[in-house]
Amino acid sequence: MLVMMFTSSLVLAAGGKITGPNVVAPDRYVYYPGTEVLEEDEVRVVACGTGMPDHRRAQASACFLFEFGNGEKIIFDIGSGSMRNINSLMIPAEYLTKVIISHLHTDHFGDLASLWAGGWTAGRPVSLEVWGPSGQTPDMGTAYALDAFMKLYNWDFQTRAYKISPVPGQIIAHEFDYRAINEVFYDKNGVVIRSIPAIHAGDGPVSLIIEYAGLKLVFGGDTSPNKWFIEHGRNADFVIHESFASPEFFTSMYGQPAQLAWRACCEFHTSGPAFGIVMSEINPRHAVAYHSFVDSHTELRESIRTTYDGPLSIANDMMVWNITKDEIVERMAVSPDRAFGVAGPTSQPPPERGRPSPMSDFIKKGEWGPGFNAQNEMLDDFSEKHNLEKEDWRPEKQWYKPAQ
Ligand SMILES: [Zn+2]
Ligand SMILES: [Zn+2]
């Protein structure tokens with residue numbers, strides 16, 4: 001994988017020069033998911049959500065997928081709407097089992113339900129593992145949120161657990177101390193992750209520092225400028241940090257009252273000039289701003305450039321970076337809107353024997369025979385093709401009339 005390195009000032013997906021009406025195009029600065037093997041010491045980061053809580057079709061809420069050269073994949077934040085972008089990458093569900101949440105605002109974990117249930121139906125053979133910070137009190141922490149998540153989605157869990165298997169529907173929660181300063185909470189397969197506190201809306205939010213193959217990568221959750229980020233984000237190879245549009249943009253395009261707009265951008269988030277001075281101070285090899293409307297990016301870039309002149313991307317959904325010690329390449333992922341799930345090598349565990357059915361006889365007796373029997377010819381063909389004779393579910397039904 002080698003294309004020209006550029007630290008673009010605008011999203012670029014096309015380039016080079018076409019030399020005739022019927023020739024192969026030069027590099028288009030795009031990434032086609034599933035077509036490139038990472039080098040062992042390489043990391044690919046895909047922006048699967050870069051927008052606001054009130055997410056739009058053009059921009060999901062916060063989500064960044066990190067793919068490491070040794071096969072590890074970790075989703076950092078999984079904001080509302082982001083699973084559509086993740087699924088468009090056509091990665092088998094069994095490789096999307098780890099999520100790290102920077103804080104418990106829904107624009108940073110609102111699509112956990114989609115990964116949980118969607119990955120379950122798409123073949124994930126194991127439980128999901130989710131890491132996230134504690135809060136000032138237990139009811140403000142990640143473990144509490146995930147416990148409540150399982151209660152909220154109990155009907156979903158019980159019905160899928162019976163039909164498929166309960167194993168992929170379980171969530172293993174790992175809560176770490178939000179007050180920890182640069183302490184390791186994850187150390188597996190060559191990936192080491194530390195957390196530092198962030199300043200945003202209440203106690204709990206963190207930013208994350210990721211080390212892999214001699215690279216230092218930083219994923220900032222929501223935060224206003226803070227001393228921990230300055231101290232521990234310094235000299236990183238790749239730094240993702242939020243950056244909000246101007247208060248004027250929020251009042252004119254988002255309908256926010258001025259009193260909220262100038263605090264949202266600039267008290268509990270980070271505006272362009274503030275982002276810029278943070279980056280000038282910590283001096284990363286490459287800086288990425290996210291968490292603002294694409295429509296504001298031109299203005300945002302100008303405001304960042306008043307305080308920072310280093311390498312910079314303003315992230316759009318589906319922007320991709322390949323990171324090695326030698327270079328950092330920014331491209332756009334090109335994937336189909338109607339991508340199908342792709343199977344991986346591992347089968348799901350079978351349904352649990354003896355698990356009680358979540359459906360009563362009262363409901364079962366409402367099955368209307370002619371509707372079911374109308375499918376018999378199709379199902380007989382399917383059964384023959386896939387050797388399902390021993391698993392035929394129809395003979396025990398009182399309405400069953402085999403096709404002649
Ligand atoms: Zn937030
Ligand atoms: Zn946010």
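I will talk about one of the zinc sites in this structure and then about a residue in a strand, bearing in mind that the model is predicted.

Let me begin with the zinc ion (ligand 2), which is coordinated by Asp 107 through OD, His 108 through NE2, Asp 222 through OD and His 291 through NE2, at 2.1 to 2.2 Å. If you follow these donor residues along the sequence, their spacing reads D-H-x113-D-x68-H. As for the geometry, the angles subtended by the four donor atoms run from 89 to 154°, and the arrangement is therefore irregular, since a tetrahedral assignment would need all angles to lie between 85 and 135 degrees.

Asp 222 has a further role in this site, as it bridges the zinc ion (ligand 2) and the zinc ion (ligand 1), two ions that lie 3.5 Å apart. The site also links distant parts of the chain, with His 108 in helix H2, residues 106–109, and His 291 in the loop between strand E13 (286–290) and helix H10 (297–304), the two histidines being 183 residues apart. Both His 108 and His 291 are buried.

Let me turn now to Ala 173, which sits in strand E7, residues 171–176. Is this alanine buried, exposed or partly exposed? With a relative accessible area of 39%, Ala 173 is partly exposed, because that value falls between the 20% and 50% limits. Once its neighbours within four places in sequence are set aside, Ala 173 is in contact with Val 130 and Leu 146. Cys 265, by comparison, is 92 residues from Ala 173 in sequence, and their C-alpha atoms are 32 Å apart in space.

Methods
Residues are numbered from 1 along each chain as its sequence is written. Chains are lettered from A and ligands numbered from 1 in the order in which they are written. This is a predicted model: local features need pLDDT of at least 70, side-chain atom pairs count only at pLDDT 80 or more; totals for chains, interfaces and linings use all residues. Side-chain values use heavy atoms; hydrogens and water are left out. Helices (H or I, at least four residues) and strands (E, at least two) are DSSP runs, numbered from the N terminus. Buried means under 20% relative accessible area, exposed over 50%, partly exposed in between (1.4 Å probe, protein chains only). Contact means heavy atoms within 4.5 Å. Donors are N, O and S atoms within 2.8 Å of the metal (3.2 Å for Na, K and Ca); water is not among the atoms, so sites may look incomplete. Four donors count as tetrahedral if all angles lie between 85 and 135 degrees; four count as square planar and six as octahedral if opposite donors are over 155 degrees apart and all others between 65 and 115; anything else is irregular.
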